[in-house]
Each structure stands twice: as structure tokens, then as C-alpha cells.
Amino acid sequence: MKKTIEEINARIKTGKAVVVTAEELIPMVMEQGIAETARNVDVITTGTFGPMCSSGAFLNLGHPVPRMKMTKVLLNGVEAYAGVAAVDVYLGATQIPETDPANKNFPGEFNYGGGHVLEELVAGKEVLMEAMAYGTDCYPRKKLEKMIRLEDLPQAFLFNPRNAYQNYNVAVNLSDRTLYTYMGILKPNLGNANYSTSGQLSPLFNDPYYRTIGPGTKIFLGGGVGFVSWYGTQHNPQAPRDDNGVPTSPAGTLAVIGDLKQMSPRWLRGISYLGYGASLMVGLGIPLPVLDEDVVRFAALSDSEIFAPVVDYSESYPQGLGQVLGKVSYAELRSGEISVNGKKVPTAPLSSYYGAREIAAILKEWIMQGEFLLTAPVFNLPRDKGLPDYRSLVFPAEA
Amino acid sequence: MKEKMVLYFPSTVTEQPFIYYLVKDFNLLINILKANINPRKEGRIVVEISGEKTDFAAGLDFLQARGVKVFPLEQEIIWVEERCTHCGACAVICPVNALELNRTTMKIEFHGDRCVVCEHCLKACPSRAMEARY
């Protein structure tokens with residue numbers, strides 16, 4: 001059984017495409033088998049809604065009169081990087097105000113940061129811009145204070161260098177003091193185990209060899225439409241894989257881009273991790289075209305068949321020792337309790353499975369209504385340590 | 001009967017031993033979960049009171065007659081659902097399972113009756129969906 005993207009798009013346009021979420025696919029495959037399901041289903045939707053620190057937006061703030069070459073820009077007190085052209089800045093999700101005491105009074109609260117500014121912008125709220133410059137013949141203005149709104153900015157796009165991590169650590173604490181980490185609060189002596197992927201719904205878990213997801217793939221991003229733009233930072237396709245081909249430790253990542261003006265505060269949410277910092281929760285969903293049975297085979301893997309490494313955040317992670325205390329399945333994680341070193345440990349997700357489920361459902365709806373056509377990747381994401389194969393413009397690529 | 005509640009003591013009565021009277025004169029069992037006096041000398045305690053129904057009612061009348069205000073516990077800690085992302089980070093921090101991740105819907109549920117106003121959730125919630133109001 002083979003289908004092409006063009007055939008699938010033709011079915012989407014006529015409203016005939018059969019679309020299911022990666023979660024709905026699992027019982028279908030159990031009942032009908034892979035071959036039958038691959039014949040019947042055209043598109044599988046995935047989703048994830050979790051903290052993604054490596055996120056931010058390029059904003060063009062518009063030229064004031066007289067013109068200005070901004071060298072320092074604060075948005076609601078949060079600095080945006082201005083070392084690009086005159087009124088372009090990059091606002092990063094984890095940037096905190098200069099006035100924030102950070103961890104001086106440990107653990108710091110980090111109630112506000114770049115992620116919160118992004119959330120306020122997409123919510124349509126006014127944000128205070130303070131800009132400074134040294135002044136030039138062509139850009140004489142040296143100072144500007146102004147309330148801005150997203151709708152008034154000439155251009156604004158989210159550009160996240162590392163999102164949608166394919167698998168991630170389960171964080172535990174073997175020490176006798178509470179830890180405050182980007183994986184949340186970790187209580188001493190294995191008090192809890194925190195994890196952060198949407199498992200069987202997560203985009204790259206459903207396409208473990210990046211057969212259909214790559215630069216150019218059209219996606220749901222922050223409530224709007226975006227694209228995969230590159231392989232993400234720390235993309236590590238060489239991570240160990242199990243017999244199903246699914247990585248058992250953090251592996252692939254995606255750099256993604258999308259128009260901030262289409263996005264919603266429902267799916268871009270400023271967040272604060274006690275003692276760690278500010279960040280952004282990003283909603284991201286990717287459709288998988290059912291080009292062959294292998295697309296279904298990989299996407300049908302359920303939480304009981306995908307595994308995450310348990311890592312101690314008191315010693316192994318901060319010291320970079322690479323020690324793993326064991327592997328646990330996402331089914332165990334989602335049940336609320338895992339076993340580590342013979343002890344029962346309660347689990348908590350930091351990534352919203354409920355949100356992931358909703359994103360996969362929204363994307364399904366967009367596709368079923370004929371509003372969202374699929375795109376093939378322009379080239380494949382690297383599957384080994386080498387550079388991506390820019391010549392692999394033929395689709396589908398070989399697995 | 002048994003109920004958790006919040007008692008507010010105006011500064012004029014903060015120094016009176018109300019708990020002693022509740023135990024001695026009204027035969028009530030008192031479990032103090034939390035207590036503090038603010039800089040304006042107003043007192044506030046979170047208690048669980050149990051006893052016979054008539055004793056319970058008489059005890060509360062006694063408190064209110066002397067200016068102590070009685071509030072139900074659920075009004076203390078508020079779950080702002082529209083800010084909640086249903087991530088689940090709070091579920092292992094809440095010591096009494098007042099915040100619970102429903103494993104079927106994968107949504108957070110807030111059971112105000114279980115809350116003991118420890119306030120750990122306020123800062124454990126990444127999207128700051130929990131608020132204290134008093």
C-alpha cells in the first residue's frame with residue numbers, strides 16, 4: 001500500500017480524508033491490523049503541549065520618527081536581544097527582567113519573563129517598550145518609550161530553535177534535600193518522578209526515523225500554522241533505540257517557525273519554575289501522511305511500548321555523568337507511579353497530556369474541514385551524526 | 001460532625017484563648033492545621049473541628065458572638081481553571097491530594113474539601129493557576 005501526499009491532499013480538499021489522532025489510531029490497529037488501517041486512514045495527527053525553554057520570537061518594532069537603531073530594548077522590563085538590524089529584536093522565552101532577584105533569595109519565584117511577554121502579546125495586551133540607542137547620522141533617535149501591541153508590529157514570528165524533544169528524562173532526586181529544577185520541584189529521597197513528553201501523542205515518537213517530518217512540514221504551532229524549519233539544537237538521532245526503533249533517551253529535536261499574529265495565549269503560555277526560571281509552554285502538533293504501512297506501524301506504538309530513562313538530578317544530571325537508574329514505560333509514568341531502586345515513586349507530568357490530546361484533535365478538525373493541506377519535507381532531518389542530506393528532495397525518503 | 005474551616009480573629013480578640021473554651025465548654029475536638037498572626041495583630045487559623053452536632057453549632061455561635069469570623073475552607077485557595085494547563089506538576093506537590101490528576105481525562109481536579117491551605121501549590125504551579133484569597 002502506497003499513497004502520495006498529492007493523493008492525500010486531493011482527498012482533504014474534497015472533505016473525504018480519513019483523519020485520526022495518534023491516540024485513536026492505537027485501538028484501530030489492534031482491531032483492524034496495520035495493513036487495513038493504512039488503507040483506511042489518510043492522516044494521523046499528533047500533539048504536545050509542554051515547557052519548551054528554547055523558544056522565542058523575532059519582532060520588528062517598526063521605525064519611529066526620527067529613525068532609531070535600537071541597541072537595548074526592554075519589553076515590560078524584559079530585555080530582547082537587539083544585536084540585529086535597527087528595529088529587529090529577538091525576545092527569548094527564558095529572559096528575566098534585570099530587576100528580578102533570580103535565585104538570590106533561594107528558591108527564586110521567577111514570576112515573569114520573556115515567555116510571559118509573548119503570552120501577553122498574543123493575548124492582544126499592551127506591552128511597554130523601552131528602547132535605547134547611541135544615535136547615528138542615519139538613525140539619530142536615542143531613546144523611546146511606547147506602549148506596543150502585537151497587531152501594530154510590522155512583523156512578528158515565533159522561531160524556536162529546539163522544540164518537540166523526541167523523548168526526555170524522567171527526573172528524580174536521590175539526595176536528602178529538595179531540588180528546584182527545570183523538571184519542577186523534586187522532593188528528596190525519591191519523593192517524586194517528573195517527566196515531560198506526551199508519549200504516544202508526541203510528534204517525533206510517532207515518526208521515530210523522521211520519515212515524514214522534516215524542514216518544510218506544515219504544523220500546528222501555538223494555535224496557528226507554522227513550519228518545521230530545521231533540525232533543532234541538540235538534535236541527536238544517534239541516541240540508543242529499542243527494537244521498535246524508538247529512542248530510549250532524548251534524541252531528535254525540531255526548530256520551528258510560525259506567524260506570532262496567528263497564535264493564541266491558550267497555546268503559548270508564560271510559565272515559572274520555582275528556583276529555576278521563567279519559560280514558555282508551547283503547543284505543537286504535526287500531521288503524519290499515511291504514505292505506507294510503516295507510517296502506521298510506528299505511529300501505532302502505544303505508551304506501554306515507549307520508554308524513558310530515569311535520571312538523578314541531584315548528581316548524575318548536573319555533573320553530566322550520564323548514569324541512568326533504569327527505563328520506565330510511558331504507560332507506567334501515566335499510571336501515576338513507577339518503581340525506582342525498588343521504591344514506589346509517584347509521577348507527575350510537566351507536559352500537559354490533556355493539551356496534547358486537544359491539539360491533535362484541533363489539527364484533525366482543521367484537516368477534515370479541508371483547511372489544512374499537508375506538505376512534504378524539503379529534505380530529511382539528519383538520521384545519523386552527519387549533515388542532513390540536502391539532495392534527498394525525492395519523497396518519500398528511504399527509512 | 002467534622003469540618004475544616006478558617007477562623008479570623010480581629011486584633012481585639014487575638015489574645016483570648018478561644019481554642020481552650022471550644023474544648024472545655026463545648027467538648028469539641030480541634031486540629032489546628034495552620035495558624036498565624038499578621039503585623040496588624042489579626043489572627044487566622046485553619047482548623048478541623050469535630051464533635052456532636054449541637055456542640056458544634058453552639059461552639060461556632062460562641063465564636064461568632066465574640067467577633068470571630070468563620071469561613072469555609074474552599075474560599076481560601078482558588079483554582080483559576082482558565083490559567084491551568086492541566087500539566088500535572090502540582091499533583092505530586094499537594095500533600096493531601098486536593099489537587100489530583102484524573103488519569104482518564106488527564107485533567108487536574110481541585111477538591112477544595114481536602115485542602116489544608118499549606119499553599120505549596122501556589123509556587124509549584126508553573127502557570128500560577130492557584131491563588132490564595134484572604
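**Strand pairing, helix packing and chain contact**

In chain A, Val73(A) stands opposite Ala80(A), a residue of strand β6(A). The model in which this pairing is found is predicted. A second position in β6(A), Glu79(A), faces Leu74(A). These pairs belong to the antiparallel arrangement of strand β5 of chain A, residues 72–75, with strand β6 of chain A, residues 78–80, which is built from three bridges. The two strands β5(A) and β6(A) make up a hairpin, with two residues lying between them. One of the turn residues, Asn76(A), adopts a positive phi of about 50°.

Strand β5(A) also pairs with strand β8 of chain A, residues 127–132; here four bridges are formed, again in the antiparallel sense. Within this pairing, Lys72(A) has Met132(A) of β8(A) as its bridge partner. Both pairings are part of an open sheet of four strands in chain A, whose order is β6-β5-β8-β9 and whose pairing is antiparallel. Strands β6 and β9 (143–148) of chain A form the edges of the sheet, each of them pairing on one side only. On average, and with direction ignored, neighbouring strands of this sheet are turned by 25° against each other. The sheet of chain A is packed against by helix α4 of chain A, residues 114–122, which touches β5, β6 and β8 of chain A. The direction of α4(A) makes about 120° with that of β8(A).

Chain B comprises three helices and eight strands. Along the sequence, these elements follow the pattern β-α-β-β-α-β-β-β-β-α-β. Taken along the principal axes, the box filled by the C-alpha atoms of chain B is roughly 45 × 35 × 20 Å. Chain B has 134 residues, of which 32% count as buried. When contacts in chain B between residues at least 6 apart in sequence are considered, 64% of them join residues at least 24 apart.

The domain assignment divides chain B into domain 1 (2–74) and domain 2 (76–132). A distance of 26 Å separates the C-alpha centres of domain 1 and domain 2 of chain B. Six residues from domain 1 of chain B and six residues from domain 2 of chain B take part in the contact. On the side of domain 1 of chain B that touches domain 2 of chain B, four residues are nonpolar, no residues are polar and two are charged.

Chain B also contains an open sheet, in which four strands pair in the antiparallel sense in the order β2-β3-β1-β4. The edges are occupied by β2 (29–37) and β4 (69–72) of chain B, and each of these strands pairs on one side only. The average turn between neighbouring strands of this sheet is 25°, direction ignored. Strand β2(B) runs antiparallel to strand β3 of chain B, residues 43–50, and eight bridges join the two strands. In this pairing Ile37(B) lies opposite Gly43(B) of β3(B).

Two helices of chain B, α1 (residues 18–26) and α2 (residues 53–65), have axes that come within 10 Å and cross at roughly 145°. The crossing of α1(B) past α2(B) is right-handed. From α1(B), the contact involves Phe18(B), Tyr21(B), Leu22(B) and Phe26(B). From α2(B), Asp55(B), Ala58(B), Gly59(B), Phe62(B) and Leu63(B) contribute. Classified by residue type, the contact of α1(B) with α2(B) has seven nonpolar residues, one polar residue and one charged residue.

Between the chains, 25 residues of chain A are in contact with 17 residues of chain B. On the side of chain A that touches chain B, at least two residues each are supplied by the strands β3 (48–51), β13 (184–186), β18 (268–273) and β24 (343–349), and by the helices α7 (330–335) and α8 (353–368), of chain A. By class, this side of chain A has 13 nonpolar residues, eight polar residues and four charged residues.

Methods
Residues numbered from 1 in each chain as written. Chains lettered and ligands numbered in written order. Predicted model: local features only at pLDDT ≥ 70, side-chain atom pairs only at ≥ 80, totals over all residues. Pairing = 2+ DSSP bridges. Contact = placed C-beta atoms within 7 Å. Nonpolar A, V, L, I, M, F, W, Y, C, P; charged D, E, K, R; others polar. Domains from an automatic or database assignment. Buried ≥ 20, exposed ≤ 12 C-beta atoms within 10 Å, placed from the backbone. Axes fitted to C-alpha atoms, helices over the stretch in contact; angles between N-to-C directions. Left-handed = near helix turned anticlockwise from the far one by under 90°.
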